[in-house]
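Colleague: I am new to this structure and would like a careful look at one helix and the parts it packs against.

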Amino acid sequence: MLLLQHIDRIALQLLLARYGLDVVLVAPQEVIPGSYWGESEAGLIADRLYVRLDTPLHSALHESAHYICMTPERRASLHTDAQGDHDEESAVCYLQILLSDAMGVPRTRMFADMDAWGYSFRLGSTARWFSHDAGDARLWLLEHQLIDAAGQLTFCCRT
């Protein structure tokens, strides 16, 4: 599992700042505020992503993608539970992979970490889902202008 202690955290901060999201590093062994899953998983409160050095990158990117994909009204009252429906959750999973691309993390690594954590897709793996079954997620991101027609990040949050 790729942890934040093993990555360029400044690159993560700069990437997420483009979306208006601040990364807050929590001290080791402290409870992560706003963490839905607890343990070392990332947390969201308002426009802040809370992480520790032992937070998995996939968790930080997944929670960030929730922030990017949610409506402005939900962002305004965000605390711990990102909510959202099935279509948005699929888009979040797709977007976290694109965010990892933007950080220079190989997709194969993100796919493996997502599988190891327990993400569940109909085709049995994140890689197969992304390559063969994620058209609905890609379309959702395109319709909400979070990616362009070429599948590139627009660095905008959902409006």
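Colleague: Are α2 and α5 roughly parallel or roughly perpendicular to each other?

Modeller: Please keep in mind that this is a predicted model, in which local features need pLDDT of at least 70 and side-chain atom pairs count only at pLDDT 80 or more, while totals for chains, interfaces and linings use all residues. Residues are numbered from 1 along each chain as its sequence is written, and side-chain values use heavy atoms, with hydrogens and water left out.

Helix α2 covers residues 57–69, and α5 covers residues 107–117 (helices are DSSP runs of H or I with at least four residues, strands are runs of E with at least two). The two helices pack at an angle of about 90°, and their axes lie 9 Å apart (angles run from 0 to 180 degrees between N-to-C directions). They are therefore roughly perpendicular to each other, a term that covers 65 to 115 degrees.

Where they meet, α2 contributes Leu-57, His-58 and Leu-61, while α5 contributes Met-110, Asp-113, Met-114 and Trp-117 (contact means heavy atoms within 4.5 Å). By class, five of the residues in this contact of α2 with α5 are nonpolar, one is polar and one is charged (Asp, Glu, Lys and Arg count as charged, and Leu, Met and Trp are among the nonpolar).

Another neighbour of α2 is a sheet, and its layout is worth setting out before returning to the helix. The sheet is open and has three strands in the order β1-β3-β2, with mixed pairing (strands pair if DSSP finds at least two bridges between them). Because β1 (22–25) and β2 (43–45) stand at the edges with a single partner strand each, one side of each is left without a neighbour in the sheet. From one strand to the next, the twist averages 30°.

On one side of β3 (residues 48–51), the pairing with β1 is parallel and runs over four bridges, and within it Val-23 faces Leu-49 of β3, while Val-24 stands opposite Tyr-50 of β3. The pairing of β2 with β3 is instead antiparallel and has three bridges, with Leu-44 standing opposite Leu-49 in β3. Leu-49 thus appears in both pairings, opposite Val-23 and opposite Leu-44. Two residues separate β2 from β3 in the hairpin that they form, and in its turn Ala-46 has a positive phi of about 55°.

To return to the helix, α2 packs on this sheet, where it touches β2 and β3, and its direction makes about 165° with that of β3. In this picture α2 meets α5 at an angle of about 90° and also packs on the sheet through β2 and β3.

Methods. Parallel < 35°, antiparallel > 145°, perpendicular 65-115°, else oblique.
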